[in-house]
Amino acid sequence: MLKRICLAFFVFGLLAGCSSGSDSSSYEKGENSESYDQAAVDVTMETANNSKSVSGQQQDNSDAIQSRMIIYNAELQLEVENFLDIKQSLENLVAQLGGYVVQSNVYADGEDYLEGTLRVRIPQPKFQEFINKAEQLSVKVHRHTVTGEDVTEEFVDLESRLNSMQVVEERLLSFLRDAEKTEDLLKISNDLARVQQDIEQIKGRMKYLQNQTSFSTVTISMFEHKVVVPNIEKNEFNTWEKTKKQFYNSINGLLSFFSAVVVFLLGNSPVIVLLVIILATLYYILRRTKKKPKQDNN
C-alpha cells in the first residue's frame, strides 16, 4: 500500500514537472503538445480507492471520530390502559426531546380495544431517556430490544476516500484547463464526470451515516387490554314473549308424547293383543293351580 502511495506522488510530481516545463514550448507554441496521460490518472484513482488503510492509522488524531459512531435501534412492545392517551403522551415526549415521528398506525381489533405502531427518531443523547419514560407510561413491557451497529470504521474510510478523490478531481481539472487536443478534452471530461459521481456517492453515504448516528430509531408496538363486560340486550328482558314461547314448547312436547303413544299402541296392536291373551291365559292357569290343593285338603 505504501508503494502505491509513493507511486501516486511520483506520478503527481512527474505530471507537474511536465506541465510546468511545457509552458515555454508546447502550450505556448502549440507544437508537440503533451497528450492526456490516462494511465497516470488510473493509478491515482486506484490509490484513492485503496487509501483507507493508511487513514485508519490516523483515527485517533481525527476530530470527526473523537467518539464512536453507532447506529442505535430499539423495539418496544407495551401494554397500555388507554391507547390514544398514551400515544399522544409519547408524541409530546418525542417533540420535547427534539425528535420526530416517522410512522404512526392505529387500528381496532373488533370493538374491544385499540392497538398500533409508532416509529420515531430520537436524538442519540436522549435515546435511553426516551426509552425509560416510554416504558413508565405502560402497564407492562412485553418486549425490549436494543441493537447497535458501529459504523466508525466505515465513516473513516469514506472520509479518506473522499479526500483522495477530491485530489484526483483537482488534478483532472488542471488537466482540463491545460488540454488543447479535442481527444484529450473528451477523455478528461469522461474521467472527471466519473470521479465527481464517485465523490457524490461517498458524500451521500457519509450524510446517511451521520443522520443515522445522530438520531436513533425507536419502534413502539402498543395495545390496550380491557375487561369486556357483555351487554344485556333488550330482548333478554322480554318475559312475556319468553313465557309464551315456553308454554307453546310444553304443549308441543305433550302433543308429541301422546302422538307417539298412540302411534305405538295402534301400530303394535296385534302384538299387544297377543301378549294380553297369553298373559291372561297364564294368569288363569296359575289361579286354577292354586285352588286345587285347597279343595283336596277339604
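**Group meeting: a five-stranded sheet and its helices**

Let me begin with one pair of residues in the sheet: the bridge partner of Leu78 in strand S5 is Met222. I should say at once that what we are looking at is a predicted model, and I will speak of it in that sense throughout. The pairing that contains this bridge joins S1 to S5, and these two strands run parallel, with eight bridges between them.

On its other pairing, S1 is joined to S4 by ten bridges, and here the strands run antiparallel; as an example from that pairing, Leu76 has His144 in S4 as its bridge partner. Strand S5, in turn, which covers residues 215–224, is joined by nine bridges to strand S3, residues 113–123, and that pair also runs antiparallel. Within it, Arg119 finds its bridge partner in Thr219 of S5.

If we now put these pairings together, we have an open sheet of five strands, in the order S2-S3-S5-S1-S4, and the pairing is mixed. As a reminder, strands of a sheet pair through backbone hydrogen bonds, either parallel or antiparallel. Which strands stand at the edges? They are S2, residues 100–109, and S4, residues 140–150, and because each has a single partner strand, one side of each is left without a neighbour in the sheet. From one strand to the next, the twist averages 10°.

Turning to the helices, H8, which spans residues 182–214, lies across S1, S3 and S5, and its direction is at about 50° to that of S5.

The other helices I want to show are H5, residues 83–96, and H6, residues 127–136, which pack at an angle of about 160° with their axes 11 Å apart. An angle over 145 degrees counts as roughly antiparallel, and H5 and H6 are therefore described in that way with respect to each other. The crossing in which H5 passes H6 is right-handed. On the H5 side, the contact is made by Leu90, Leu93 and Val94, and on the H6 side by Phe130, Lys133 and Ala134; by class, these contact residues divide into five nonpolar, one charged and no polar.

Finally, a word on aromatic rings, of which the structure holds three pairs. In one of them, Tyr100 and Phe215 have ring centres 5.7 Å apart and planes at 55°, so this pair is classed as tilted. The pair links distant parts of the chain, since Tyr100 sits in strand S2 and Phe215 in strand S5, with the two residues 115 residues apart.

How values were computed. Residues numbered from 1 in each chain as written. Predicted model: local features only at pLDDT ≥ 70, side-chain atom pairs only at ≥ 80, totals over all residues. Heavy atoms only, no water. Axes fitted to C-alpha atoms, helices over the stretch in contact; angles between N-to-C directions. Helix = DSSP H or I, 4+ residues; strand = E, 2+ residues; numbered from the N terminus. Parallel < 35°, antiparallel > 145°, perpendicular 65-115°, else oblique. Left-handed = near helix turned anticlockwise from the far one by under 90°. Contact = heavy atoms within 4.5 Å. Nonpolar A, V, L, I, M, F, W, Y, C, P; charged D, E, K, R; others polar. Pairing = 2+ DSSP bridges. Phe/Tyr/Trp six-rings, centres within 6.5 Å; stacked < 30°, edge-to-face > 60°.
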